[in-house]
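The exercises below ask you to read strand order, helix packing, a pocket lining and backbone geometry from one model. Please try each task on the structure before turning to its solution.

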Amino acid sequence: MPEASVPPQSTESADAATASGGGSLVLVIEDDPQIQRFLRVALGSRGYRLCEATTGAAGLVEAATRQPDVIILDLGLPDMDGLEVIRRLREWTGLPIIVLSASRQERDKVAALDAGADDYVSKPFGVGELLARMRVALRHATRNPDDAGDSSYSIGDLHVDLAKRHVVVAGQQVHLTPIEYRLLTALIRHAGKVLTHRHLLLEVWGPPYADQAHYLRVYMAQLRRKLEVDPARPRYLLTEPGVGYRLAAD
């Protein structure tokens, strides 16, 4: 992250700025001082409160004691693999975890998501993209399972009544096969989150099909033909190249 893009600001002044916002508490586990400083300013100026850790061990302690609303985690920590941090967090918490990593390798993204991360943002990254992904993660985390809205999903012209198993697009009911419906509901349960190919195959088809990626491609194409106005430029069923799929949450 270029140094010139971040105006000087101390930890104390950032804390004061964020406290006045009364926003969500973000735990940043990151050992790069420039990235720390950038996030402190960028998130603090938008009303988020921050707590920070520079090692995986310290991050685990902060997560347990501070109970943040969302965790931003760098995978390249000095004391332990970021994947191990994710696995340890997932032993006791469902807090949303957004990974920041300099790696753009498909296998690293898949490994982080399979370990339990909710999203993956590659460095260098834009503030707008990170904030959007944080908003999605926070909405998903704060959704009340007892709300009536939890039994339905709506975005644009797409409406799904999970209780009645009705799928409607632009006012017209759409017939889905059992597998198409299971795939759609799996995505709805994790709306806004990136789901790896393996995750979807395990959830929809089961362990014997965990490596049958072509099944997923075929059924996703069928879903898009039925639900999207332009299947080649989907609005709802989004592809995360080389990683998996995400259902739009807005």
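Five exercises with worked solutions follow, and they concern a predicted model.

**Exercise 1. The sheet of E6 to E9**

Task: Determine the order in which the 4 strands of the open sheet are arranged, and state which strands stand at its edges.

Solution. Begin with the pairing, which is antiparallel and gives an open sheet in the order E6-E7-E8-E9. Next, look for strands with a single partner: strand E6 (152–155) and strand E9 (172–173) stand at the edges, so one side of each is left without a neighbour in the sheet. Then take the pair E7 and E8, where 4 bridges join residues 158–161 to residues 166–169 in the antiparallel sense. Within this pair, Leu158 of the one strand has Val169 in E8 as its bridge partner. Finally, add the helix: H7 (residues 178–189) lies across E6, E7 and E8, and runs at about 100° to E7.

**Exercise 2. The sheet of E10, E12 and E11**

Task: Work out the order of the 3 strands in the other open sheet, and find which residues stand opposite one another in the pairs that E12 makes.

Solution. The order is E10-E12-E11, with antiparallel pairing. The edge strands are E10 and E11, each of which pairs on one side only, and the twist from one strand to the next averages 35°.

Take the two pairs in turn.

- Between strand E11 (residues 237–240) and strand E12 (residues 244–247) there are 4 bridges; here Leu237 stands opposite Leu247, and Leu238 stands opposite Arg246.
- Between E10 and E12 the antiparallel pairing extends over 3 bridges; here Val194 stands opposite Arg246, and Thr196 stands opposite Gly244.

Two helices complete the picture of this sheet. H8 packs on the sheet and touches E10 and E12, its direction making about 75° with that of E10, whereas H9 packs on the sheet by touching E11 and E12, its direction making about 145° with that of E11.

**Exercise 3. Two contacts of helix H9**

Task: Describe how H9 packs against H8 and against H7, and give the classes of the residues that make each contact.

Solution. Two packed helices are described by the angle between their axes and the distance between the axes.

For the first contact, helix H8 (residues 197–204) and helix H9 (residues 213–227) pack at an angle of about 85°, with their axes 10 Å apart. An angle of 65 to 115 degrees counts as roughly perpendicular, which means that H8 is roughly perpendicular to H9. On the H8 side the contact is made by His197, Leu200 and Leu201, which meet Ala213, Tyr215 and Leu216 in H9. By class, these residues divide into 5 nonpolar, 1 polar and no charged.

For the second contact, H7 and H9 pack at about 85° with their axes 10 Å apart, and these two helices are therefore roughly perpendicular to each other. H7 contributes Ile179, Glu180, Leu183, Leu184 and Leu187, while H9 contributes Leu216, Tyr219, Met220, Gln222, Leu223, Lys226 and Leu227. The contact of H7 with H9 has 9 nonpolar, 1 polar and 2 charged residues.

**Exercise 4. The second largest pocket**

Task: Which residues of the lining are the closest to the centre of the second largest pocket, and which helices and strand each supply at least two residues of that lining?

Solution. The second largest pocket has a volume of about 270 Å³. Of the 17 residues that line this pocket, Arg90, Gly116, Ala117, Asp118 and Lys193 are the closest to its centre. Turning to the secondary structure, helix H5 (106–115), helix H6 (127–142) and strand E10 (194–196) each supply at least two residues of the lining. Sorted by class, the lining consists of 7 nonpolar, 6 polar and 4 charged residues.

**Exercise 5. Backbone geometry in the loops**

Task: Locate the peptide bond from Lys123 to Pro124, and decide whether this bond is cis or trans; then place the positive phi values of Arg165 and Gly242.

Solution. The point of reference is that most residues other than glycine have a negative phi, and most peptide bonds are trans. The bond from Lys123 to Pro124 is cis, with omega near -5°, and Pro124 is found in the loop between strand E5 (119–122) and H6. Arg165 has a positive phi of about 60° although it is not a glycine, and this residue lies in the loop between E7 and E8. Gly242 takes a positive phi near 75° in the hairpin of E11 and E12, which has 3 residues between the strands.

Note on methods:
Residues are numbered from 1 along each chain as its sequence is written. This is a predicted model: local features need pLDDT of at least 70, side-chain atom pairs count only at pLDDT 80 or more; totals for chains, interfaces and linings use all residues. Side-chain values use heavy atoms; hydrogens and water are left out. Two strands pair if DSSP finds at least two bridges between them. Contact means heavy atoms within 4.5 Å. Axes are lines fitted to C-alpha atoms, for helices over the stretch in contact, and angles run from 0 to 180 degrees between N-to-C directions. On a 1 Å grid over the protein atoms alone, a cavity is a set of points where a 1.4 Å probe fits but cannot get out, and a pocket is an open set with protein on both sides within 12 Å along at least five of seven lines; lining residues have an atom within 4 Å of a point. Grid points are joined across faces, edges and corners, and a volume is the space filled by probe spheres set on the points. Ala, Val, Leu, Ile, Met, Phe, Trp, Tyr, Cys and Pro count as nonpolar, Asp, Glu, Lys and Arg as charged, and the others, Gly among them, as polar. Angles under 35 degrees count as roughly parallel, over 145 as roughly antiparallel, 65 to 115 as roughly perpendicular and the rest as oblique.
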